[in-house]
Amino acid sequence: MKSTLPEPIVISPLELLKLTSVDTIDLTDNQPTKNETMKKLPIDKIKQACAKVIGVTVAEIESRNRFKLPALARQFAMYYALRGRTLEAVGKLFNRHHGNIVHARDKIAFLRDTDWEIQQYSEQIEEALAS
């Protein structure tokens, strides 16, 4: 018994571009998100809010400590510090390489979507920053 595979579909690069055109997808809803309304907050306020919600001190956020809670608070602070700032600017504020800032941003963005505890922390920090 011989299995037959279907004939491959041949699409030219130009046709492929037409099929994947972003013009057909409406991505604009013109509604600002919570994070867009919190542009360039003072870094001290961000550190204090993150420290208070997670239960560490601001000194632990500023330290080189790699224990779980201080590191998580630091990553949250970096995540929120990126609003209105460049990676290099945030790196200088935290005395870290911009690669650390990228890691913190990606980690918090991922965990906000997958971890309920991180979602709660995030909501509490955003409330603290909004007040």
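In the predicted model, D106 has a relative accessibility of 41% and therefore counts as partly exposed. The side chain of D106 forms a salt bridge with that of R105, with an N to O distance of 3.1 Å. R105 is likewise assigned to the partly exposed class, because its relative accessibility is 32%.

This pair belongs to a set of three salt bridges identified in a search of the whole structure. Another is formed by the side chains of R112 and E126, at 3.3 Å from N to O. Because R112 is located in helix α6 and E126 in helix α7 (residues 116-130), this salt bridge ties together parts of the chain that are 14 residues apart in sequence. The two partners fall into separate accessibility classes: R112, at 21% relative accessibility, counts as partly exposed, whereas E126 is buried, with a relative accessible area of 7%. The cut-off for burial is a relative accessible area under 20%, so a value of 21% is not counted as buried.

A further salt bridge joins the side chains of K47 and E62, with 3.2 Å between N and O. Distant parts of the chain are linked by this pair, since K47 belongs to helix α2 and E62 to helix α3, with their positions 15 residues apart in the numbering. Here the basic residue is the buried partner: K47 has a relative accessibility of 6%. E62, by contrast, counts as partly exposed at 45% relative accessibility.

The overall architecture of the protein chain comprises seven helices and zero strands, and the pattern read along the sequence is α-α-α-α-α-α-α. Of the 131 residues of the chain, 33% count as buried. Among contacts with a separation of 6 or more, 56% are accounted for by residues 24 or more positions apart. The chain exposes about 9,500 Å², of which carbon and sulfur atoms supply 56%.

Burial was also examined for helix α5, which spans residues 87-94 and has V90, G91 and F94 as its buried residues. These residues lie on the same side of α5, because they cover an arc of only 105° around the axis. In an α-helix there are 3.6 residues a turn, so residues three or four places apart point the same way. The cover over the buried residues of α5 includes α2 (43-54), α3 (58-62), α4 (68-81) and α6 (98-114). Just after α5, N95 adopts a positive phi of about 55°.

Notes: Residues are numbered from 1 along each chain as its sequence is written. This is a predicted model: local features need pLDDT of at least 70, side-chain atom pairs count only at pLDDT 80 or more; totals for chains, interfaces and linings use all residues. Side-chain values use heavy atoms; hydrogens and water are left out. Helices (H or I, at least four residues) and strands (E, at least two) are DSSP runs, numbered from the N terminus. Buried means under 20% relative accessible area, exposed over 50%, partly exposed in between (1.4 Å probe, protein chains only). Contact means heavy atoms within 4.5 Å. Accessible areas come from the Shrake-Rupley method with a 1.4 Å probe; for residues, only the protein chains shown count as cover. The arc is that of the directions from the helix axis to the C-beta atoms. A salt bridge is a side-chain nitrogen of Lys or Arg within 4 Å of a carboxyl oxygen of Asp or Glu.
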